[in-house]
Amino acid sequence: MLELQVGVAKVGKYATPESGDTLEMIERPHGGFSFVLADGQGSGRGAKTLSNLVTTRAISMLKDGARDGAVARAVHDYLYAYRHGQVSATLNILSVDLSARSVLVSRNNPCPFYVIDEQGMTTYNEPSTPIGLYSMTKPVITKITLRPYVYVVVFTDGILHAGRRYNESIELDNYLGNFNVRQGRTAQEVTDDLLGRAVELDQNRPNDDMSVIVMAALPMESENKVRRMTVCFPVERA
């Protein structure tokens, strides 16, 4: 048996009350689940409103059984028509299809994503544009076979650009290229490490909203079929 883990961590831009990144999760009608991550143009309340609009549309269609590629196109068409090509958002849909035993990543995001397995690290960096700006925008779709010791790493541009203000680079290729999947690290551990490294490079004052999703498929010796989900977020005192 395999245990599928998904770790998520996000932090807003320094001194900005609301993050422009929005993440939503949905259980797929025919088995599996999808995570939708959107990064609205700009930062603050306007970006949050935009990313909420995008994820709400996507989740609604996924819940009705629409395919990921069709969802990404429809959300783009809606945003393009609604805002007349004047605003943009990046969109990533990470789905696990249990019936097909595969992971599907739909990407409208200039940032790459990474897959790490026993053969090493693969960077998926095909040219991709955000939704909302150009009439014929399409997602870049990648299908990955579900197997033991596979990690999929997806993030927004705040992670990729961490440290630039201080002439530093997060160097994800080197960092993830040395990752040993056989250590069996949890998805949340990898997620927290990546976000922590990015925040540190920005000297603990994130220059942009940052979000990371890591999906891990790890061997499971027991047949315990309990599903668990934990959510943890800070709340400021009134």
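## Exercises on a predicted model

Tyr78 and Tyr82 both lie in helix H2 (residues 68-83), and because they are four residues apart, about one helical turn separates them. The model used here is predicted.

**Exercise 1. Classify the ring pair Tyr78 and Tyr82, and state how accessible each residue is.**

Step 1. A pair of aromatic rings is described by the distance of the centres and the angle of the planes.

Step 2. For Tyr78 and Tyr82 the centres are 5.6 Å apart and the planes differ by 5°. Planes under 30 degrees apart count as stacked, so the Tyr78–Tyr82 pair is stacked.

Step 3. Tyr78 has 23% relative accessibility and is therefore partly exposed. Tyr82, at 48%, also counts as partly exposed.

Step 4. Look at the ring of Tyr78 again. The charged end of Arg57 sits over this ring, 3.7 Å from its centre.

**Exercise 2. How many aromatic pairs does the structure hold, and what geometry do Phe33 and Phe35 adopt?**

Step 1. The structure holds five aromatic pairs.

Step 2. One of them is Phe33 with Phe35, at 5.6 Å centre to centre and 90° between the planes. Over 60 degrees counts as edge-to-face, so Phe33 and Phe35 are edge-to-face.

Step 3. Phe33 and Phe35 are both buried.

**Exercise 3. Sort the side chains of strand S8 (residues 140-145) by face, then place S8 against strand S5.**

Step 1. In a regular strand the side chains alternate between the two faces of the sheet.

Step 2. In S8, Val140, Thr142 and Ile144 point to one face and are buried. Ile141, Lys143 and Thr145 point to the other face and are not buried.

Step 3. S5 (residues 102-108) and S8 run antiparallel, joined by six bridges. Ser106 stands opposite Ile141 in S8.

**Exercise 4. Is Ser102 buried or exposed, and which residues does it contact beyond its neighbours within four places in sequence?**

Step 1. Ser102 belongs to strand S5. Its relative accessibility is 5%, so Ser102 counts as buried.

Step 2. With neighbours within four places left aside, Ser102 contacts Ser95, Val96, Asp97, Lys143, Ile144 and Leu146.

Step 3. Arg147 is 45 residues from Ser102 along the chain, yet their C-alpha atoms are separated by 8.3 Å.

**Exercise 5. How many salt bridges are there, and which parts of the chain do the pairs of Arg45, Arg28 and Arg147 link?**

Step 1. The count is seven salt bridges.

Step 2. Arg45 pairs with Glu18, with the closest N and O atoms 3.0 Å apart. Arg45 is in helix H1 (residues 45-63), and Glu18 is in the loop between strand S1 (2-11) and strand S2 (21-27), 27 residues apart. Arg45 is exposed at 63% relative accessibility. Glu18 is partly exposed, with a relative accessible area of 27%.

Step 3. Arg28 forms a salt bridge with Asp68, and their closest N and O atoms are 3.0 Å apart. Arg28 lies in the loop between S2 and strand S3 (33-40) and Asp68 in helix H2, so this pair ties together parts 40 residues apart in sequence. Arg28 and Asp68 are both buried.

Step 4. Asp117 and Arg147 meet at 2.6 Å, N to O. Asp117 is in strand S6 (residues 113-117) and Arg147 in the loop between S8 and strand S9 (150-155), so the pair joins parts 30 residues apart in sequence. Asp117 is buried at 11% relative accessibility, whereas Arg147 is partly exposed at 28%.

Definitions and conventions
Residues are numbered from 1 along each chain as its sequence is written. This is a predicted model: local features need pLDDT of at least 70, side-chain atom pairs count only at pLDDT 80 or more; totals for chains, interfaces and linings use all residues. Side-chain values use heavy atoms; hydrogens and water are left out. Rings of Phe, Tyr and Trp (its six-membered ring) pair if their centres lie within 6.5 Å; planes under 30 degrees apart count as stacked, over 60 as edge-to-face and the rest as tilted. Buried means under 20% relative accessible area, exposed over 50%, partly exposed in between (1.4 Å probe, protein chains only). Helices (H or I, at least four residues) and strands (E, at least two) are DSSP runs, numbered from the N terminus. A charge sits over a ring if NZ of Lys or CZ of Arg is within 6 Å of the ring centre and within 35 degrees of the ring normal. Two strands pair if DSSP finds at least two bridges between them. Contact means heavy atoms within 4.5 Å. A salt bridge is a side-chain nitrogen of Lys or Arg within 4 Å of a carboxyl oxygen of Asp or Glu.
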